[in-house]
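Grab your viewer and work through the exercises below. Try each task on your own before you read the solution under it.

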Amino acid sequence: MQPGRQLSTSIDATVPTAARMYDHYLGGKDNYAVDRAACEELDKVVPSTRALALNNRRFLQRVVRTLAAEYGIRQFLDHGSGLPTQDNVHQVAQRIDAGSHVVYVDNDPMVLVHGRALLEQDERTAVIQTDMRDTEAVFSHPETRRLIDFSQPVAVLFNSVMHCIPDSETDGPAALVRRVAERLVPGSCLVMCQLVSEDPEVRKFVTDFMAQATQGNWGRVRQEKDVATWFEGMDILEPGLVEVSTWRPDTEVAPRQLTQEWIEFGGVGRVR
């Protein structure tokens, strides 16, 4: 990742983005016809995608609540945060402790616009436009330095975003995780999950479709074994690495991912 990479500040309504497609699947209104059309095409091959997105969002909310309530974490750095929706990270964390601090990181200019509008009255929360692979830019950003004390435990979130990153020895998911983990004190946590499939045809279709639809702003659908490598050297919180709807569900009748052409897979690793 080239430090200080210039990001676009204009919103292009002619090219789908993962953030706006995700917003559409969650029932949001901050998306365009091109995003909805891309979702319709995706659904023809992987029809469980809307349920998957909803279950992933619920996983994020449970994780944040758990880390705040049970592990005492009061600082959250959310990479690839996407567009604001209901029960965002800062709202979940601040219900546990009103003093919790949250920094949202995204490269989509639309996220910056809507996020800042939502958070302009909250001094404990900020949104920054930065490529999440540029760890130095994320950690040295004035808003990050204002809100996050890295001498104390931090929860770093990579929730359903690693599939947007291509494989690379220097910029790929594994390298990114290593760079981030090296900057965290023991007791910090990394929340990581991404889209996986054990079906090679599904992996190829979705990877090729999203790469073409987003004009290259995509990585790939991976396998469970790929995700597991990111957690090496960490203590994995129970129940381990799982399909995310089964990660500490609120009740026995909580929604589960029912179809398996692809799933959201991951968990929480704690820095030793």
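The exercises go from the whole chain down to single residues, and the model is a predicted one.

**Exercise 1. Work out whether the overall size fits a compact globule.**

Step 1: Start with the expectation. For 272 residues, a compact globule would have a radius of gyration near 19 Å.

Step 2: Compare. The protein comes out at 17 Å, which agrees with that rule.

Step 3: Look at the extents. Along the principal axes, the C-alpha atoms fill a box of roughly 45 × 40 × 35 Å.

Step 4: Check the inside and the outside. Buried residues account for 54% of the 272, and the accessible surface is about 12200 Å², with 50% of it belonging to carbon and sulfur atoms.

Step 5: Add the contacts and the charges. Take contacts between residues at least 6 apart in sequence: 70% of them join residues at least 24 apart. The 29 positive and 39 negative charges have mean positions 2 Å apart.

**Exercise 2. The protein has 10 helices and 8 strands; find out how well helix H1 is covered, and by what.**

Step 1: Count. H1 spans residues 18–25, and 7 of its 8 residues are buried.

Step 2: Name them. The buried ones are Ala19, Arg20, Met21, Tyr22, Asp23, His24 and Tyr25.

Step 3: Find the neighbours. These buried residues pack against helices H2 (33–45), H3 (49–71), H5 (109–119) and H9, plus strand E4 (155–159).

Step 4: See what comes after. H1 is followed by Gly27, which has a positive phi near 90°.

**Exercise 3. Is strand E5 enclosed or open, and how does E4 run relative to it?**

Step 1: Go through the strand. In E5, 8 of the 8 residues are buried, so the strand is largely enclosed by the rest of the structure.

Step 2: Look at the pairing. E4 and E5 run parallel and are joined by 5 bridges.

Step 3: Pick one bridge. Leu157 has Val191 of E5 as its partner.

**Exercise 4. Place Gly187 in the fold and list what touches it.**

Step 1: Locate it. Gly187 sits in the loop between helix H8 (173–182) and strand E5 (189–196).

Step 2: Check exposure. The relative accessible area of Gly187 is 14%, and the cut-off for buried is under 20%, so this glycine counts as buried.

Step 3: List the contacts. Leaving out residues up to four places away in sequence, Gly187 touches Ile73, Pro153, Arg270 and Val271.

Step 4: Take a long-range distance. Pro47 is 140 residues from Gly187 in sequence, and their C-alpha atoms are 38 Å apart.

**Exercise 5. Track down some backbone oddities: a cis peptide bond and two non-glycine residues with positive phi.**

Step 1: Find the cis bond. The bond from Glu238 to Pro239 is cis, with omega near 10°. Pro239 belongs to the loop between strands E6 (235–236) and E7 (242–243).

Step 2: Take Gln215. Its phi is positive, about 55°, and Gln215 is in the loop between H9 (200–213) and helix H10 (224–229). At 61% relative accessibility, Gln215 counts as exposed.

Step 3: Take Arg248. Here phi is about 45°, again positive, and Arg248 is in the loop between E7 and strand E8 (263–270). With 24% relative accessibility, Arg248 counts as partly exposed.

How values were computed:
Residues are numbered from 1 along each chain as its sequence is written. This is a predicted model: local features need pLDDT of at least 70, side-chain atom pairs count only at pLDDT 80 or more; totals for chains, interfaces and linings use all residues. Side-chain values use heavy atoms; hydrogens and water are left out. Helices (H or I, at least four residues) and strands (E, at least two) are DSSP runs, numbered from the N terminus. Buried means under 20% relative accessible area, exposed over 50%, partly exposed in between (1.4 Å probe, protein chains only). The radius of gyration is taken over C-alpha atoms; the globule rule is 2.2 Å times the number of residues to the power 0.38. Contact means heavy atoms within 4.5 Å. Accessible areas come from the Shrake-Rupley method with a 1.4 Å probe; for residues, only the protein chains shown count as cover. Lys and Arg count as positive and Asp and Glu as negative; His and the chain ends are not counted. The place of a charge is taken as NZ of Lys, CZ of Arg, CG of Asp or CD of Glu. Two strands pair if DSSP finds at least two bridges between them.
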